[in-house]
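This report looks at one protein chain, beginning with a spot on its surface and then moving to its strands and one of its helices. Please keep the sequence and the model in view while reading.

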Amino acid sequence: MEAVVGCNYLYRRGGTYWFRRRVPDDVQAAIGTPQWRESLRTKDFETAKRAVRRKGVETDGLISTARARLAGKASPPLDPAQAYALAESWLSEVLDSEQDTRIAGGAAGHASTEAWLLEYAADYRRDLALMSLPAAGYAVEKALADAVLWYPENDPSRRLLGIEMLKARVRLIDMLERRLEGEVVDVAAPTLAALTTPPTSGITVGKLIAAFNAERVARHGEESTSRKYSHIFSALEEVLGTDKPVRSVTRADIREVRSLLQRVPKFATRRYPGLTLTEAADKADEDDGERIAPTTVNTYLQNLAAVFNWAVSEDYIDRSPAQGMKLSADARVQRRGFTPEELDTLFKATAPMATGEHPWRFWIPALALYSGARANELAGLRKADLVVVDGIQCMRFSKFDEKGQLIEGRKLKTQASERTVPIHRVVLDAGLMSYVATIPKETDRLFPSLRPAAHGSFSHNLSRWFSKFRHDLGLSDPATVFHSFRHGFLDAARDAAIPEELAHALGGWTTGGVATRPASCPRPARSTDPRPEPGCRDHRRAPPRPAGPVRDPAMPDAARSSHPPAMQCSSPLSRNSPPRQA
């Protein structure tokens, strides 16, 4: 079964599309299966995309209701009109599905409906006559899951919906019999927003969270949505409650949410597992624990605003109460590039690793030093991303392969990140292509021993290793991280008088981003010393002039100039080259 790139939960087997989704660990026992897998019964891509999105929303509802059931949180009571509307929505969906079956099957579809009626019509009528609520149990569960509602057994709302569902099942029998006789039978389904909340109050906070979550997961996946929004969803639920109508949320409410986010301890879920955000914050008060940085709080507030902006776009509210809530806070640390001494220390330690179990521990920092590329860009490189353009060895950063097909799992930060960059000759002289020749032919990745994290990111494990490795070497300045290679590259490019447009293209920066900001640290007057030092903050030395970016199929003239002969003289790579591959 082959995953369809760019479409969550969509797979293809033998030309037919399938829905496949893993059930989260915390609700597997409640749902009763470790994964959902179901044929969508179509070979048409567009039809499959619509179907898989419906399935995604449906299973989102099942997950939400399972979690509510485990937590014992019952939804607001249903009134008779809402129970009737839920049953009518179920009825409309079944009729639509039956109509699709007859359209696709023609006479065979007609015969299939006829056979179904012969088998179930009498049972459905008898169930209503006997008021057998368990007989409608599956339909009740599906309707509640679609509406993101949950009620315990014997709850009056569940009983009320069960009665309406028994009636709807008999109406279904009557309508199908009339359809088979050639009569026009239609039923209008009310929208879920109208079904589950009174018209006067509008959608609740809990249902907004569920709806936004389903939309974002469909677009960006579960891992990204959980990582960026789980704290926000929790804060909203803890401060406002799930039953509060979104239209009644005020800026004062959002300030309370912001206050809770400011109190959240660093690594809250890891340090205080099983606690709510409020409980974790209280515990951190007792432990004098470190809080998340103001810049992180601002990131959360930006995402919080995105939730309410989405609510505005969906007509749930008229204006967002979450605008303009960011803190006036400066970053705690000003990042900088590495000094020449720090680079020497790093590469003396990594050079032997080039021929060890994890060669990437040398080659990725080396490539970062001389290209300014981001960690995730380098960590995810494939052998096929090393290309030769006009006789120049380059590396290609793109979401698409050489055939124009989307590369599964490949993500780039911005549109400007799509680029082809020459590989510096110092890196080539250190033996990069000899290393490439040692990779097994059947292996696609350039750094196969760098394993992805659970959420698929290769840069995660790279960053974790580099942080520990740097500290072990005594390079514990918080202003230096792996991204310091990128800071240093830009600073050095400025001092080398590389044209701004070319430097930005090399590093994949966009105008108005980091590349247009001042240098990362104070810059002494430039010396006439011709010896360059790449990727460092010793601004008296000029960096090696990069060969320049390549935009296939031709390389800009500005990128064709040769490097000065002395450029390798003070390079930490040339001083600390790894042993050559045999």
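A patch, as the word is used here, is made of residues that have over 30% relative accessible area and no salt bridge, and nonpolar side chains are joined into one patch when they lie within 5 Å. The model is a predicted one, and in it Val5, Phe400 and Leu406 make a nonpolar surface patch of about 210 Å².

Why can Leu406 belong to such a patch? Leu406 is partly exposed, with a relative accessible area of 37%, and because a patch takes residues with over 30%, this value is enough for that part of the rule. As for its place in the chain, Leu406 lies in the loop that runs between strand E6 (392–397) and strand E7 (419–422).

**The strands around E6**

Strand E6, which comes before that loop, is mostly covered, since five of its six residues are buried. E6 is joined to strand E5 (residues 386–389) by four bridges, and these two strands run antiparallel. E5 and E6 form a hairpin with two residues between them, and in the turn Asp390 has a positive phi of about 55 degrees. E6 also pairs with E7, again in the antiparallel sense and over four bridges. The table gives one residue pair from each of these two pairings.

| Strands | Residue in E6 | Partner residue |
|---|---|---|
| E5 and E6 | Cys394 | Val387 |
| E6 and E7 | Arg396 | Thr420 |

**Helix H8**

Helix H8 (residues 205–220) has 16 residues, and from its first C-alpha to its last it reaches 22 Å, which is close to the 22 Å expected at 1.5 Å a residue. Which residues of H8 are buried? They are Val205, Gly206, Lys207, Leu208, Ile209, Ala210, Phe212, Ala214, Glu215, Arg216 and Val217, a list that includes charged side chains such as Lys207 and Glu215 as well as nonpolar ones such as Leu208 and Ile209. After H8 comes Gly221, whose phi is positive, near 95 degrees.

**The chain as a whole**

These elements belong to a chain with 22 helices and seven strands. Of its 582 residues, 47% are buried, while the accessible surface of the chain comes to about 29,100 Å², of which 50% belongs to carbon and sulfur atoms. Finally, if one takes the contacts between residues at least 6 apart in sequence, 69% of them join residues that are at least 24 apart.

How values were computed: Residues are numbered from 1 along each chain as its sequence is written. This is a predicted model: local features need pLDDT of at least 70, side-chain atom pairs count only at pLDDT 80 or more; totals for chains, interfaces and linings use all residues. Side-chain values use heavy atoms; hydrogens and water are left out. Patches are made of residues with over 30% relative accessible area and no salt bridge: like charges are joined within 9 Å, nonpolar side chains (Val, Leu, Ile, Met, Phe, Trp, Tyr) within 5 Å. Accessible areas come from the Shrake-Rupley method with a 1.4 Å probe; for residues, only the protein chains shown count as cover. A salt bridge is a side-chain nitrogen of Lys or Arg within 4 Å of a carboxyl oxygen of Asp or Glu. Buried means under 20% relative accessible area, exposed over 50%, partly exposed in between (1.4 Å probe, protein chains only). Contact means heavy atoms within 4.5 Å. Two strands pair if DSSP finds at least two bridges between them. The expected span of a helix is 1.5 Å times one less than its number of residues.
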